[in-house]
Amino acid sequence: MRKNKTLQTSATSSLETPIGILRLLAEEDGLTHVFFPNEDTVKVEAADPASPAALKARAHIEAAEKALQEFFAGTRKEFSGLTLAPRGTPFQQSVWRALLTIPYGVTWSYKDIAEKIGNPKAVRAVGLANGQNPIPVIIPCHRVIGSNGALTGFGGGLPTKEWLLIHEGALTSSLL
């Protein structure tokens, strides 16, 4: 869980969803963060809304809001077309790119991700990078489960992860 931070951003919004109110942040180069309701201790300072950077960022926010609304309504299964700008190390970026390849309604293990990025021994590092994903739901870290099929840690909480997987049809009943 990301806590006790202050983030500078060009644009922000809140979106009511079935899993609670998500906060979206964007810069002029794309969407940078999605925060779950349990991450309310993250403080956000938005730039002047009339600045050129804020106007570009606002367009990214609006596209993400529309895509998330469609996802939660069940009419969207993937998030192509959005401009994403997650900040992270090259290794984290490789993990997040791999997460984007997990199909809707499918789960992979941390080992599957490690193999996908060509580093099969990096299972623990993959888990850490997965947990640092700044754009959950859109970059579908919720689709990663333990190799034994168990639901594992999730920034939005395990009930939220379970809800998302049931919504996508990857789970048919509660594992919690």
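Mentor: Start with the record. An unreviewed UniProt entry carries the annotation "active site" for Cys-141. Keep in mind that the model itself is predicted.

Trainee: Where is Cys-141 found?

Mentor: Cys-141 sits in a loop, between α4 (123-131) and β7 (144-145).

Trainee: Is Cys-141 buried or exposed?

Mentor: Read the relative accessible area. Buried means under 20%. Cys-141 has 6% relative accessibility, so Cys-141 counts as buried.

Trainee: Which residues is Cys-141 in contact with, leaving aside neighbours within four places in sequence?

Mentor: Leu-99, Asn-130, Asn-133, Pro-136, Phe-154 and Lys-161. Look at Lys-161 again: this residue is among the buried residues of helix α5 (residues 158-168).

Trainee: Which other residues of α5 are buried?

Mentor: Thr-160, Glu-162, Leu-164, Leu-165 and Glu-168 join Lys-161 in that list.

Trainee: What covers the buried residues of α5?

Mentor: The cover includes helix α1 (52-73) and β7. Recall that β7 also bounds the loop of Cys-141.

Trainee: What phi does Gly-169 take, just after α5?

Mentor: A positive one, of about 85°.

Trainee: Now the aromatic rings. How is a pair described?

Mentor: By two values: the distance of the centres and the angle of the planes. In this model, the count comes to 5 aromatic pairs. Take Phe-71 and Phe-79: their centres are 5.4 Å apart, with 45° between the planes. Planes from 30 to 60 degrees apart count as tilted, and this pair is tilted.

Trainee: Are Phe-71 and Phe-79 buried or exposed?

Mentor: Phe-71 has a relative accessible area of 0%, so Phe-71 is buried. Phe-79 is buried too, because its relative accessible area is 10%.

Trainee: Which aromatic pair links distant parts of the chain?

Mentor: Phe-72 and Trp-163. Their rings are tilted as well: 5.9 Å centre to centre and 45° between the planes. Phe-72 belongs to helix α1, Trp-163 to helix α5, and 91 residues separate them.

Trainee: Which class of accessibility does Trp-163 count in?

Mentor: Trp-163 has 30% relative accessibility, so Trp-163 counts as partly exposed. Its partner Phe-72 is buried, because the relative accessible area there is 11%.

Trainee: Which residues form one aromatic cluster?

Mentor: Phe-71, Phe-72, Phe-79, Tyr-104 and Trp-163. Among them are both pairs just read: Phe-71 with Phe-79, and Phe-72 with Trp-163.

Notes
Residues numbered from 1 in each chain as written. Predicted model: local features only at pLDDT ≥ 70, side-chain atom pairs only at ≥ 80, totals over all residues. Heavy atoms only, no water. UniProt positions renumbered as here; feature names shortened; annotations may be inferred. Helix = DSSP H or I, 4+ residues; strand = E, 2+ residues; numbered from the N terminus. Buried < 20%, exposed > 50% of the residue type's maximum accessible area, 1.4 Å probe, protein only. Contact = heavy atoms within 4.5 Å. Phe/Tyr/Trp six-rings, centres within 6.5 Å; stacked < 30°, edge-to-face > 60°.
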